[in-house]
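Subject: Structure handover

Hi,

Here is the structure I promised to pass on to you. Please have it open while you read, and my notes on it follow below.

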Amino acid sequence: MATDDAMPARPMPRFPDGFLWGVSTSAHQIEGAAGLRGPSVWDAFTAEPGRVKDGSTADVACDHYHRYREDVALLADLGVDAYRFSVSWPRVDSPGGLDFYDRLVDALCAAGVRPVPTLFHWDLPAGLDWLERDTAARFAEYVSVVAGRLGDRVGKWITLNEPAEHTLLGHALGVHAPGRKLLFDALPAAHHQLLAHGLAVRALRAAGAADVGIANSHGPTWPASNDPADREAAEFYDLLLNRMFADPVLTGRYPEGLGDLMPGSPGEVAADLEIIGEPLDWYGVNYYAPTRVGAPQGAEIEFGGVTLPAELPFSVREIEGRPLTDFGWPVVPEGLTELLTGFRDRYGDRLPPVVITENGCSYEGLDDRDRIAYLDGHVRALHRAMEAGVDVRGYFVWSLLDNFEWAEGYARRFGLVHVDFTTLERTPKASYGWFRDLVRHGR
Ligand code: BGC
């Protein structure tokens with residue numbers, strides 16, 4: 001494993017004391033032990049031929065359920081302050097399921113790593129449906145159960161992971177579970193997840209939690225040109241993917257016009273927004289890359305492994321002249337500075353302290369210098385946003401381990417630690433050593 005020689009030459013700027021360095025994972029992507037939990041929408045989706053590119057399932061994944069001690073040892077050795085994982089709702093619904101998280105949280109605390117659970121990271125129990133309003137109330141009940149059990153050791157909570165992606169990929173485009181292709185009829189799934197978020201914040205507060213956030217995916221939207229049609233399309237894309245999820249959470253309002261598209265009467269939507277806008281202690285941002293958007297081109301577009309239908313009112317374009325990750329995503333660190341300063345400008349005092357809850361890239365190989373370059377660039381870009389006055393309190397790398405990358409199966413490797421999916425052996429990559437040095441020096 002490379003360590004010191006993997007450290008880029010330029011000195012890293014200093015981060016404030018107490019800045020939280022961490023890594024992230026999610027239950028469905030790493031746990032395995034599928035027989036010890038109820039089925040989720042992802043199990044049904046994965047079982048349909050052609051849904052997952054390499055035909056794989058997450059039944060075993062990294063077998064973290066059985067190997068969590070080894071993984072906690074990797075976290076301890078990495079020296080991170082915090083570990084963001086997700087709690088699997090279908091596992092909690094199964095006999096003994098919560099015991100696993102009890103053991104994991106105990107092991108983390110014993111290793112001096114702060115547990116930061118996400119309560120929903122896309123693995124909805126089979127039979128539930130975000131198009132149904134009742135799912136939000138069911139989520140809040142489940143959250144109360146988890147908080148009641150783990151709240152004595154967990155301080156920092158995340159309600160949802162990326163409701164935007166879950167709506168877009170899972171309900172609008174049908175490339176993720178539950179595989180629905182509803183386009184704009186998917187909006188109720190967004191509203192109900194947002195409502196679930198607000199109800200979860202209340203449930204967590206009722207259980208005594210004082211450090212609650214959400215992990216929303218965001219990225220700057222760049223118009224393909226100055227042409228008014230491109231600018232308008234880009235603005236619409238920004239509305240759908242960024243503002244539809246940030247505005248209600250941070251301001252208690254949908255962007256102009258969007259509220260009318262949500263399920264329920266205007267009075268009901270307004271009442272829901274009271275709940276959705278429940279103040280947060282911090283706001284989590286998952287950042288990967290900006291998106292370049294132009295007017296529709298009247299044809300399907302292949303983009304980042306997803307086919308975008310011709311009838312969308314925008315088209316996604318390549319960002320040229322940038323290195324690409326193995327996933328084909330452009331590497332644009334300054335997009336993170338732009339995103340965060342833009343958020344500060346748009347939301348002002350309504351923006352609580354920010355935590356980067358995911359940032360990372362897919363590359364093959366153990367000597368993953370491309371990943372080091374990506375992370376190095378993004379950590380510096382984050383620091384520039386902080387120098388510009390954005391209050392950022394933490395940074396989590398996606399991900400600790402190579403894992404089940406949803407519809408891509410095991411083909412995309414985001415880990416600081418390599419996983420051999422035949423033997424399940426873990427091998428730290430060069431980037432693991434680099435991040436360990438950063439965390440040590442960052443303090
Ligand atoms: C998701 C992760 C995923 C990562 C890389 C994020 O959108 O939260 O689950 O693995 O991106 O695609």
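A word on the annotations before anything else: UniProt positions are given in the numbering used here, and the annotations may be inferred rather than shown by experiment. Please also keep in mind that this is a predicted model.

**The annotated active site**

The unreviewed UniProt entry lists Glu-162 and Glu-358 under "active site". These two span 197 residues in sequence, yet their C-alpha atoms are no more than 10.4 Å apart, so they gather at one spot.

Glu-162 sits in the loop between β4 (156-161) and α7 (163-172). With a relative accessible area of 6%, Glu-162 is buried. Beyond its neighbours within four places in sequence, Glu-162 is in contact with Trp-122, Ala-215, Asn-216, Ser-217, Asn-286, Tyr-288 and Glu-358.

Glu-358, for its part, belongs to strand β12 (residues 354-358) and is buried as well, at 4% relative accessibility. Which side chain makes a polar contact with that of Glu-358? It is the side chain of Arg-84, at 3.0 Å. Leaving aside neighbours within four places in sequence, the contacts of Glu-358 include Ser-24, His-121, Asn-161, Glu-162, Tyr-288, Phe-396 and Trp-398.

**The annotated binding site**

Under "binding site", the unreviewed UniProt entry covers Gln-29, His-121, Asn-161, Tyr-288, Trp-398, Glu-405 and Trp-406. Several of these names will be familiar from the contacts of Glu-358, among them His-121, Asn-161, Tyr-288 and Trp-398.

I looked at two of these positions in some detail. Gln-29 is placed in helix α1 (residues 27-30) and is buried, at 0% relative accessibility. Apart from neighbours within four places in sequence, Gln-29 is in contact with Ala-61, Cys-62, His-121, Trp-398, Asn-403, Phe-404, Glu-405 and Trp-406. The side chains of Gln-29 and Asn-403 are joined by a polar contact of 3.3 Å.

Trp-406 lies in the loop between β13 and β14 (417-419). Its relative accessible area is 3%, which makes Trp-406 buried. A side-chain polar contact of 3.4 Å links Trp-406 to Gln-29. With neighbours within four places in sequence set aside, Trp-406 is in contact with residues including Trp-42, Val-52, His-121, Trp-122 and His-176.

**Strand β1 and its partners**

All 5 of the 5 residues of strand β1 (residues 20-24) are buried, so this strand is largely enclosed by the rest of the structure. Both faces are covered, with Leu-20, Gly-22 and Ser-24 on one side and Trp-21 and Val-23 on the other.

β1 runs parallel to strand β13 (residues 392-398), joined to it by 5 bridges. Strand β2 (residues 82-86) also pairs with β1 in the parallel sense, over 3 bridges. Gly-22 is a handy landmark for both pairings: it stands opposite Phe-396 in β13 and opposite Ala-82 in β2.

**A three-stranded sheet and helix α9**

Another part to look at is an open sheet of 3 strands in the order β6-β8-β11, with mixed pairing. β6 (221-223) and β11 (315-317) are at the edges with a single partner strand each, so one side of each has no neighbour in the sheet. On average, neighbouring strands of this sheet are turned by 45 degrees against each other, direction ignored.

β6 pairs with strand β8 (residues 291-294) in the parallel sense over 3 bridges, and Thr-221 has Thr-291 in β8 as its bridge partner. Helix α9 (residues 228-251) packs on this sheet and touches β6, β8 and β11, its direction making about 170 degrees with that of β6.

Within α9 you will find Asp-238, which is buried with a relative accessible area of 16%. The side chains of Asp-238 and Thr-221 share a polar contact of 3.4 Å. Residues up to four places away in sequence not counted, Asp-238 touches Thr-221, Arg-243 and Arg-346.

**Cysteines**

How many disulfides does the structure hold? There are 0. For Cys-62, the closest cysteine sulfur is that of Cys-361 at 17 Å, too far for a bond. Cys-62 is buried at 0% relative accessibility, whereas Cys-109 is partly exposed at 35%.

Best wishes

Methods. Residues are numbered from 1 along each chain as its sequence is written. This is a predicted model: local features need pLDDT of at least 70, side-chain atom pairs count only at pLDDT 80 or more; totals for chains, interfaces and linings use all residues. Side-chain values use heavy atoms; hydrogens and water are left out. Buried means under 20% relative accessible area, exposed over 50%, partly exposed in between (1.4 Å probe, protein chains only). Helices (H or I, at least four residues) and strands (E, at least two) are DSSP runs, numbered from the N terminus. Two strands pair if DSSP finds at least two bridges between them. Axes are lines fitted to C-alpha atoms, for helices over the stretch in contact, and angles run from 0 to 180 degrees between N-to-C directions. Contact means heavy atoms within 4.5 Å. A disulfide is a pair of cysteine sulfur atoms within 2.5 Å. A polar contact is a pair of N or O atoms within 3.5 Å; within protein, one must be able to donate a hydrogen and the other to accept it, and residues adjacent in sequence count only if both atoms are side-chain atoms.
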